[in-house]
Amino acid sequence: MTRGLPQYPKTEDKNWKTLDITDQYAQFDRLLIQARKKSLFETLPDSPAAAMTREFKKHGQAMAKQLWLLGYLEAEDKHQARKAFHRDRKNFLNSAARFQKEAGLKPDRWTGKKTRAALTALVSFETDHLDKRWLDAPHEYPAVMRAAQCRLFVLGLAAERPGKSFSLIAVNDLNKFKRLAMALGMVTLEQDQIRHFMDTRTPSPALLGLILDQDCLIKAVARSCRPGACGLEFNIPSRKSHGRHLPQAYQIRRFLTRLVQVEFWLMGYQIPLAQMLEYPVKGIDTKNDQDCNPELKTCLADFAGLAQKAKKTWAREITPELFTAFDDAYENQDDEKVLSQINSRLQRPREIERALEQGKKLHLRLWDGIKRVLR
């Protein structure tokens, strides 16, 4: 896999953090293009016959893991799921066909471009496109409901992922998310609308979009923040207006912490997703620095430096300003402007070598976090 890569140069090149943001993006994009030219990344198979060859083992393993996460593929764990692509081909193909049918695709058992794109859209945090059909009528596409249940599990709101016999999102799990959405001002309801909102088992298109789209969720939290006496505050309504539907403070804190944890993971920080981390949140509780998770604290301090904020302040607690920083970076991303300059960058092998070196320093997750280089 490493054959053809240039040697990392020992130079005194300036740190990637000081480069123009367009330069950063262009360098990594050019790096990917050069890697594909050197056949370091496999392309998708172009026929059912090609899809069965060992040449596409990595793609097959990735799809098998995604099918397992959604509950279609039976396996003891994710490692066994990845092996199913070759060792248990019948199980893999039957799972793929069921997913295709429940996602509105032709169930031809060929895991080609359309199937891979649909799986990625439903499983990946970096979703670029959620089919409007899925959001408008999720009850007709069980794959979407499975994806929502899986996402609630990752966000710490569900006890388990969807299983083989899954049919609907667990009511309690969905209601946990609804309460948090109300508590954080991500949805606005009149008092007489709350009961209907809580009793509906099938999520609305807007609510489903919040669950499945990490960027949408971050933006919703950021935009619900309000200015207070000391900076921004999380917009949490009073219990008088929402009664028993408002979650406890610790539930809000854990949810916000989990969102930050996922966001840092997507950026490429070495932070675990297998465990829920604890961290103080501004205005939610009064925990001190001794209760800060050290891994998350390191991420916050480093990100504060990138965002030119006071490291000590940001490493002390999670604040609304952190979410607005995420949102601002996303809003300021101008893909067309950046892409228009890519062809004029990284033309020489020397520049490609430097980009490789900088990529190592970033610990970049190329498969999930390329867009977040801009952040």
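**Figure 1. Lys-57 in helix 3 of the predicted model.** Lys-57 has its place in helix 3, in a model that is predicted. With a relative accessible area of 36%, Lys-57 is partly exposed, because this value falls between the 20% limit for buried and the 50% limit for exposed residues. When residues up to four places away in sequence are not counted, Lys-57 touches Phe-85 and His-86. Arg-82 is 25 residues from Lys-57 in sequence, and the C-alpha atoms of these two residues are 9.3 Å apart in space.

**Figure 2. Helix 5 and the helices it packs against.** Helix 5 runs over residues 89–102, and its 14 residues should span 20 Å at 1.5 Å a residue, which agrees with the 20 Å that separates its end C-alpha atoms. The helix is mostly covered, with ten of its 14 residues buried. Among the buried residues of helix 5 are Phe-92, Leu-93, Ala-96, Ala-97 and Phe-99, and also Arg-89, Asn-91 and Gln-100. The partners against which the buried residues of helix 5 pack are helix 3 (57–69), helix 4 (78–87), helix 6 (113–123) and helix 8 (142–154). Helix 5 is followed by Gly-104, which has a positive phi, near 85°.

**Figure 3. The salt bridge between Arg-146 and Glu-102.** The side chains of Arg-146 and Glu-102 meet in a salt bridge, with an N to O distance of 3.7 Å. This pair links distant parts of the chain, since Arg-146 belongs to helix 8 and Glu-102 to helix 5, and the two are 44 residues apart. Arg-146 and Glu-102 are both buried. Together with Arg-98, these residues are linked in a network of salt bridges.

**Figure 4. Two further salt bridges, Asp-327 with Lys-219 and Glu-278 with Arg-253.** A search of the whole structure finds eleven salt bridges, and this view takes up the pair formed by the side chains of Asp-327 and Lys-219, at 3.6 Å from N to O. Asp-327 lies in helix 17 (residues 320–331) and Lys-219 in helix 12 (residues 214–224), so this salt bridge ties together parts that are 108 residues apart in sequence. Both of these residues, Asp-327 and Lys-219, are buried. In the other pair, Glu-278 forms a salt bridge with Arg-253, and the closest N and O atoms are 2.6 Å apart. Glu-278 is in the loop between helix 14 and helix 15 (294–306), whereas Arg-253 is in helix 14, 25 residues away. Glu-278 is partly exposed, with a relative accessible area of 29%, while Arg-253 is buried, with a relative accessible area of 9%.

**Figure 5. The largest nonpolar core and the contacts of Phe-323.** The largest nonpolar core has 91 residues, and those with the most contacts inside it are Phe-99, Phe-177, Met-186, Phe-255, Phe-264, Phe-303 and Phe-323. Helix 14 (residues 249–267) provides the largest share of this core, namely ten residues. Leaving aside neighbours within four places in sequence, Phe-323 is in contact with Ile-218, Val-221, Ala-222, Phe-234, Leu-256, Leu-259, Val-260 and Ile-318.

**Figure 6. Cys-216 and Cys-299.** Zero disulfides are found in a search of the whole structure. Cys-216 is partly exposed, with a relative accessible area of 31%, whereas Cys-299 counts as buried, at 4% relative accessibility.

Key. Residues are numbered from 1 along each chain as its sequence is written. This is a predicted model: local features need pLDDT of at least 70, side-chain atom pairs count only at pLDDT 80 or more; totals for chains, interfaces and linings use all residues. Side-chain values use heavy atoms; hydrogens and water are left out. A nonpolar core is a set of buried Ala, Val, Leu, Ile, Met, Phe, Trp, Tyr and Cys residues joined through side-chain atoms within 4.5 Å. Buried means under 20% relative accessible area, exposed over 50%, partly exposed in between (1.4 Å probe, protein chains only). Helices (H or I, at least four residues) and strands (E, at least two) are DSSP runs, numbered from the N terminus. Contact means heavy atoms within 4.5 Å. The expected span of a helix is 1.5 Å times one less than its number of residues. A disulfide is a pair of cysteine sulfur atoms within 2.5 Å. A salt bridge is a side-chain nitrogen of Lys or Arg within 4 Å of a carboxyl oxygen of Asp or Glu.
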